[in-house]
Amino acid sequence: MEKIDPLPDHLKLRCFAIGQQVEFRGKPYTVLGRTTLATGEPALVLQAGEEQFVIGASQFFAGIKETTKSLDDCARPPN
């Protein structure tokens, strides 16, 4: 079984504030919260209208539209 190192994904998710609008797979969603899946993978809670779901960080990063801010910049600790 593959070992999950959740820290880099937790750091990247810092870029997505609660209440922030994001475009995921071409549809706008609001970030409702952050959580951790049973596997230990960090995740976000997204909502659009009445649709609400939890998505793991790896799937989220694969489906979001590139933003002006690099996700790698989010993973760096603040100075």
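**Reading the terms on A48 and its sheet**

Trainee: Why is A48 called buried?

Mentor: A48 has a relative accessible area of 15%. Buried means under 20%, exposed means over 50%, and partly exposed lies in between (1.4 Å probe, protein chains only). At 15%, A48 therefore counts as buried. This is a predicted model, in which local features need pLDDT of at least 70, side-chain atom pairs count only at pLDDT 80 or more, and totals for chains, interfaces and linings use all residues. Residues are numbered from 1 along each chain as its sequence is written, and side-chain values use heavy atoms, with hydrogens and water left out.

Trainee: Where does A48 lie, and what is it in contact with?

Mentor: A48 lies in strand β3. Strands (E, at least two residues) and helices (H or I, at least four) are DSSP runs, numbered from the N terminus. Contact means heavy atoms within 4.5 Å; leaving aside neighbours within four places in sequence, A48 is in contact with K27, P28 and Y29. A48 and K27 are 21 residues apart in sequence, and their C-alpha atoms are 8.2 Å apart in space.

Trainee: How covered is β3?

Mentor: Six of the seven residues of β3 are buried, which leaves the strand mostly covered.

Trainee: How do you know which strands pair in the sheet?

Mentor: Two strands pair if DSSP finds at least two bridges between them. There are four bridges between β1 and β2, six between β2 and β3, and six between β3 (residues 42–48) and β4. Each of these counts meets the cut-off of at least two, so each is a pair. The result is an open sheet of four strands in the order β1-β2-β3-β4, with antiparallel pairing.

Trainee: What makes β1 and β4 edge strands?

Mentor: β1 (21–24) and β4 (51–56) each have a single partner strand, so one side of each is left without a neighbour in the sheet. From one strand to the next, the twist averages 45°.

Trainee: Which residues stand opposite each other in these pairs?

Mentor: E23 stands opposite P28 in β2, and T30 stands opposite Q47 in β3. In β4, L46 has F53 as its bridge partner, and A43 stands opposite G56.

Trainee: What is notable about the phi of R25?

Mentor: R25 has a positive phi near 50° and is a residue other than glycine. Most residues other than glycine have a negative phi. R25 sits in the turn of the hairpin that β1 and β2 form, with two residues between the strands. With a relative accessible area of 60%, R25 is above the cut-off and is therefore exposed.

Trainee: Which residues have a positive phi in the other hairpins?

Mentor: The hairpin of β2 and β3 has five residues between its strands, and G40 in the turn has a positive phi of about 100°. In the hairpin of β3 and β4, with two residues between the strands, G49 takes a positive phi near 60°.

Trainee: Why is the pair E51 and K27 called a salt bridge?

Mentor: A salt bridge is a side-chain nitrogen of Lys or Arg within 4 Å of a carboxyl oxygen of Asp or Glu. The side chains of E51 and K27 meet at 2.9 Å, N to O, so the pair qualifies. E51 is in strand β4 and K27 in strand β2, 24 residues apart, and the pair links distant parts of the chain. A search of the whole structure finds one salt bridge.

Trainee: Are E51 and K27 buried or exposed, or in between?

Mentor: E51 is at 34% relative accessibility and counts as partly exposed. K27, also at 34%, counts as partly exposed.

Trainee: How do the side chains along β1 point?

Mentor: They alternate: V22 and F24 point to one face and are buried, while Q21 and E23 point to the other and are not.

Trainee: What makes a set of residues a nonpolar core, and which members touch the most others here?

Mentor: A nonpolar core is a set of buried Ala, Val, Leu, Ile, Met, Phe, Trp, Tyr and Cys residues joined through side-chain atoms within 4.5 Å. The largest has 15 residues, and F16, L46 and F60 touch the most other members. At least two residues of this core come from each of β1, β2 (27–36), β3 and α2 (57–63).

Trainee: How much of the protein is buried?

Mentor: Buried residues make up 32% of the 79 residues. Along the sequence, the pattern is α-β-β-β-β-α-α.

Definitions and conventions:
Axes are lines fitted to C-alpha atoms, for helices over the stretch in contact, and angles run from 0 to 180 degrees between N-to-C directions.
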